[in-house]
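Here are some short exercises on charged pairs and nonpolar cores, each with a worked solution. Have your viewer ready and try each task before reading on.

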Amino acid sequence: LRLPQFFLSGTVVLMFMPSHLKRCSQPVAGNAAVGVLALQGDVSEHISAFESAIQNLGLTIPVIPIRKAEQISDLIALAIPGGESTTIMRLIDQNGMRNIIQNFEGGIFATCAGMVVAARDLIDETRFTPLDLLDITVNRNAFGRQRESFEADLHMAGFDTPFHAIFIRAPIITRAGPDVTILAEIPQGIVAAKKGKKLILSFHPEISHDLRMHEYFLTDVLGL
């Protein structure tokens with residue numbers, strides 16, 4: 001074994017890591033990852049937002065697309081993105097993911113169509129049965145078609161300043177069970193709620209350029 005000359009001479013060398021590299025210095029135990037359900041919808045946008053949020057928090061957690069049921073059980077969290085809820089639910093069932101997601105013990109981050117998929121009950125929707133991940137009733141497309149989409153500054157519980165939310169053919173929570181914590185409301189109803197490790201949103205934080213919602217999920221909801 002040949003040692004570098006500075007070891008042989010007794011010189012002590014101190015190695016310093018640049019500050020921007022220190023930010024990713026807290027690995028999560030094991031091979032845990034955040035998964036984004038990649039069957040349909042805003043998959044790449046959520047992956048990018050979570051990667052940036054994780055970097056901001058100084059964590060080391062991979063973010064991966066999820067296309068197979070066997071990928072889910074080892075995750076620390078699963079994001080169910082916005083998209084078309086009927087299509088997402090059909091593909092969940094076709095890929096044998098329903099029971100696995102229902103029994104998943106990690107975090108759930110569901111946005112827009114993900115809120116519809118995660119609900120217990122749906123108003124005027126008989127084409128599919130949602131996953132019943134928490135006790136909420138959801139009105140799908142509560143604001144009409146895409147031309148009626150809008151933006152709003154939300155006063156989120158736990159946030160110092162409003163969160164600028166983008167609603168696209170958004171659902172709304174019309175009823176929340178007693179074990180569900182309401183985080184934000186607008187005149188039409190509830191638009192953000194949580195229960196345990198589950199965070200449910202009717203808007204699209206992944207396209208807002210504000211990472212606080214993804215960071216909130218990782219820190220306050222998951223406790224990382």
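**Exercise 1.** Is Arg140 buried or exposed, and where does its salt-bridge partner Glu84 lie in the chain?

*Solution.* Step 1: start with accessibility, where buried means under 20% relative accessible area, exposed over 50%, and partly exposed in between (1.4 Å probe, protein chains only). Arg140 counts as buried because its relative accessibility is 15%. Glu84, at 23%, counts as partly exposed.

Before going on, a word on the ground rules. This is a predicted model, in which local features need pLDDT of at least 70 and side-chain atom pairs count only at pLDDT 80 or more, while totals for chains, interfaces and linings use all residues. Residues are numbered from 1 along each chain as its sequence is written, and side-chain values use heavy atoms, with hydrogens and water left out.

Step 2: apply the salt-bridge rule, a side-chain nitrogen of Lys or Arg within 4 Å of a carboxyl oxygen of Asp or Glu. Arg140 and Glu84 satisfy it at 2.5 Å, N to O.

Step 3: place both partners, taking helices (H or I, at least four residues) and strands (E, at least two) as DSSP runs numbered from the N terminus. Arg140 sits in the loop between β8 (136-139) and β9 (150-154), and Glu84 in the loop between β5 (77-80) and α4 (85-94). The pair, 56 residues apart, links distant parts of the chain.

**Exercise 2.** How many salt bridges does the rule give, and which residues join Arg120 in one network?

*Solution.* Step 1: the count is ten. One of them pairs Arg127 with Glu125 at 2.9 Å, N to O; Arg127 is exposed at 56%, whereas Glu125 is buried at 11%.

Step 2: follow shared partners, and Arg120, Asp121, Asp132, Asp135 and Arg175 come together as one network.

Step 3: look at one link, Arg120 to Asp135, at 3.4 Å, N to O. These two are 15 residues apart, with Arg120 in the loop between α6 (113-118) and β7 (121-123) and Asp135 in the loop between β7 and β8. Arg120 is partly exposed at 39%, while Asp135 is buried at 12%.

**Exercise 3.** Which residues touch the most other members of the largest nonpolar core?

*Solution.* Step 1: a nonpolar core is a set of buried Ala, Val, Leu, Ile, Met, Phe, Trp, Tyr and Cys residues joined through side-chain atoms within 4.5 Å. In soluble globular proteins, nonpolar side chains tend to be buried together.

Step 2: the largest core has 40 residues, and Leu154, Met156, Phe203 and Phe217 touch the most other members.

Step 3: list contacts (heavy atoms within 4.5 Å). Beyond its neighbours within four places in sequence, Phe217 contacts residues including Phe50, Ile108, Lys197 and Leu222.

Step 4: a second, separate core of 36 residues has Ala119, Leu122, Ile173 and Val180 among its members.
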